Amino acid sequence: MKAKDINFNPNDLFTYSDGDLYWKINKGRAQKDCKAGFIQHGYIQTMVSGKYYCNHRLIWQMFNGTIPDGMMIDHIDGNPANNHIDNLRIATRNQNQHNRKINKNNTSGVKGVTWHKSMNCWQAQIQANNQKRHLGYFNNVEDAKIVIDAARLQSHGEFSNYGVN
């Protein structure tokens, strides 16, 4: 959903408290002062005038205004249901991807480290600027983790997510 899709001021409909939105008005089944939203795919969403809006986008706009075109709202801790304003930041799509959690099918326990069967060792790779960069082969996962964590910090900066959440 793009910023231009939100054609209302969230401050007119909601109040914010401790990461949650509350209705200011009676709206359909929602009553004034009731918590707004439901969880869908891990994100809290609220329906306004027949359209679904992610609460984190509404909250960001309540505090910071319109989200610039091409930008996203990133959950710093990686938890899409944690909509505390201090857990939200503006990000490019690339930065948002850097902050992703570790994949569920990861077998090494380290983001970017996989078992290379034919070499019989661990391989470390990082994605930066839409290009995959090979960081080396390692006999143990701990050595691969040290190298990939350093590369991730250098390439991704504050958006480095080591897959710990």
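**Exercise 1. Determine which residues, beyond its neighbours within four places in sequence, are in contact with Asn87 in this predicted model, and decide whether Asn87 is buried or exposed.**

Solution. Begin by placing the residue: Asn87 sits in the loop that connects strand S6 (71–75) with strand S7 (88–92). Next, set aside the neighbours within four places in sequence, which leaves Asp74, His75, Ile76, Asp77, Asn79 and Asn82 as the contacts of Asn87. Then look for a polar partner of the side chain, and the backbone oxygen of Asn82 is found at 2.9 Å from it. Finally, compare the accessibility with the cut-off for burial, which is under 20% relative accessible area; Asn87 has 7% relative accessibility and therefore counts as buried.

**Exercise 2. Establish where His98 is found, whether it is buried or exposed, and how far it lies from Glu158 in sequence and in space.**

Solution. The element comes first: His98 belongs to helix H3, which covers residues 93–98. The relative accessible area of His98 is 11%, so the residue is buried. For the separation from Glu158, count along the chain and then through space: the two residues are 60 residues apart in sequence, while their C-alpha atoms are 9.6 Å apart.

**Exercise 3. Explain why helix H2 can be called largely enclosed, and state what follows the helix.**

Solution. Helix H2 spans residues 55–64, and eight of its ten residues are buried, which is why the rest of the structure is said to enclose it largely. The buried residues can be named in order as Asn55, His56, Arg57, Leu58, Ile59, Trp60, Gln61 and Met62. Directly after H2 comes Gly65, which has a positive phi near 85°.

**Exercise 4. Describe the chain as a whole, from its elements and dimensions to its surface and charges.**

Solution. Start with the inventory, which is four helices and ten strands, arranged from the N terminus as α-β-β-β-β-β-α-β-β-α-β-β-β-α. For the dimensions, the chain has a radius of gyration of 20 Å, whereas a compact globule of 165 residues would have one near 15 Å; the C-alpha trace spans about 65 × 25 × 25 Å along its principal axes. Turning to burial and surface, 38% of the 165 residues count as buried, and the accessible surface comes to about 10,000 Å², with 48% of it belonging to carbon and sulfur atoms. Among the contacts between residues at least 6 apart in sequence, 39% join residues at least 24 apart. Last, the chain carries 20 positive and 13 negative side chains, and the centres of these two sets are 8 Å apart.

Definitions and conventions:
Residues numbered from 1 in each chain as written. Predicted model: local features only at pLDDT ≥ 70, side-chain atom pairs only at ≥ 80, totals over all residues. Heavy atoms only, no water. Helix = DSSP H or I, 4+ residues; strand = E, 2+ residues; numbered from the N terminus. Rg over C-alpha atoms; globule rule 2.2 N^0.38 Å. Buried < 20%, exposed > 50% of the residue type's maximum accessible area, 1.4 Å probe, protein only. Contact = heavy atoms within 4.5 Å. Areas by Shrake-Rupley, 256 points an atom, 1.4 Å probe, with all protein chains shown as cover. Lys, Arg positive; Asp, Glu negative; His and termini not counted. Charge placed at Lys NZ, Arg CZ, Asp CG, Glu CD. Polar contact = N/O pair within 3.5 Å; in protein donor to acceptor, adjacent residues only side chain to side chain.
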